[in-house]
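User: Could you take a close look at one part of this model for me, the place where its two domains meet? I'd like a connected walk through what holds that part together on paper.

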Amino acid sequence: MSRIASVHKVLAPYRHDQHEITDLARASLPGVDPAFLHRLHTAAKVRSRHTVLPLDAYAALDDFGKANDVFISNAVEMGSEAVQGALRTAGIPPEAVDLLVFASTTGMAAPSIDARLIDQLALRPDVKRLPVFGLGCAAGAAGVARLHDYLRGWPTHVAVLVTVELCSLTFQREDTSPANLVGSALFGDGAAALVAQGREGDRRVDGPMVVATRSRFYPGTERAMGWDITSSGFRIVLDPGIPGIVRAHLAADIDGFLVDHGLTRNDIGTWICHPGGPKVLDAIADTLDLPDGALDRSWGSLAEVGNLSSASVLHVLWDTARRRPPTGTWGLLFALGPGFCAELVLLLW
């Protein structure tokens, strides 16, 4: 087993009420019915979001290169803040970090963002690093799982996951596709970092144990979610059939995972779910037959900051850990992403 020592969340500096972003989207999408756009943004159940730039600065990002340059500089800044906060909370010095995993799906860099963080964070020059691109919203849960895999082999080590998603930089002006309209209603900018320690680590940490993980890929779903990478940047792919995929598969996958550990859904006291959007959250609650309130923290995160892609599930985990579930109780952390896929992480407090 491994243990989560700390989680730290970061939000982009500019906060906006949902109606302000609706107004910007309407101005950028002149062919869209304003009343329809307003209904769509209201149905997203997002009250506010954060962006990495002031809203009036986005018009100047008229090509992919300019937007990606903004991604790189801000990903380094926000990623550094997230890791520093997580290490400080855990009481672990930067030189103790053995593995740094960086995940994002909203920008590209070579050298990757993790490499740019090493000097800034004063990490050891022999720190192992792993940049991950393309897992989208699932990368927060997948990152926790891959840290666990590493720490099973290196049980005395410390591993760090940092994820930065600047979704506002991917918005496609003048793209009136349904996927782009939904994206304009849901996604925000944020980051998070998580510190984990192997079972033989020499520091006392109070977070939950990671007991097991499972990945699930759904064949034939390549076009359910992702990006088309174009000359203007990342153009969102978002199939309206995603809730149907969730209803068809998720319950059986979770049940099969839990039964391998002598558990059922009734044994799970804490559900830590990526807030993918209202229809996805409704589908998850319905297909898992969850009790009222089980996904309240996911709904709350969606309302307060929108969908932060891979960072969202870590924000929900931060809120969950702050409320301290009872010792000895089980939790399930999970997220869905491009592939289409699911990532499951079994936790024990």
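Analyst: Between domain 1 and domain 2 there are 16 residue pairs in polar contact, with both partners at pLDDT 80 or more; keep in mind that this is a predicted model. Salt bridges turn up too: the rule finds three across the interface of domain 1 and domain 2. For a concrete charged pair, take R235 and D175, whose side chains meet in a salt bridge at 3.2 Å, N to O.

As for who is who, the domain assignment puts domain 1 at 2-197 and domain 2 at 209-348. The contact draws 57 residues from domain 1 and 46 residues from domain 2. Their C-alpha centres sit 17 Å apart.

Now the area. About 4200 Å² is buried between domain 1 and domain 2, and carbon and sulfur atoms give 66% of that. On the domain 1 side, K9, F64 and C137 supply 15% of the area buried against domain 2, more than any other three residues.

Which elements of domain 1 do the touching? Strand 1 (2-11), strand 3 (48-51), helix 5 (139-153), strand 6 (158-166), helix 6 (178-186) and strand 7 (189-198) each put in at least two residues. Helix 5 has the largest share, with nine residues. By type, the side of domain 1 that touches domain 2 splits into 28 nonpolar, 19 polar and 10 charged residues.

One last bit from the records: an unreviewed UniProt entry annotates residues 67-195 as "domain: Chalcone/stilbene synthase N-terminal". That span is 44% helix and 22% strand, and its end C-alpha atoms lie 30 Å apart.

How values were computed: Residues numbered from 1 in each chain as written. Predicted model: local features only at pLDDT ≥ 70, side-chain atom pairs only at ≥ 80, totals over all residues. Heavy atoms only, no water. UniProt positions renumbered as here; feature names shortened; annotations may be inferred. Helix = DSSP H or I, 4+ residues; strand = E, 2+ residues; numbered from the N terminus. Domains from an automatic or database assignment. Contact = heavy atoms within 4.5 Å. Buried area = accessible area lost by both parts, 1.4 Å probe. Salt bridge = Lys/Arg side-chain N within 4 Å of Asp/Glu carboxyl O. Polar contact = N/O pair within 3.5 Å; in protein donor to acceptor, adjacent residues only side chain to side chain. Nonpolar A, V, L, I, M, F, W, Y, C, P; charged D, E, K, R; others polar.
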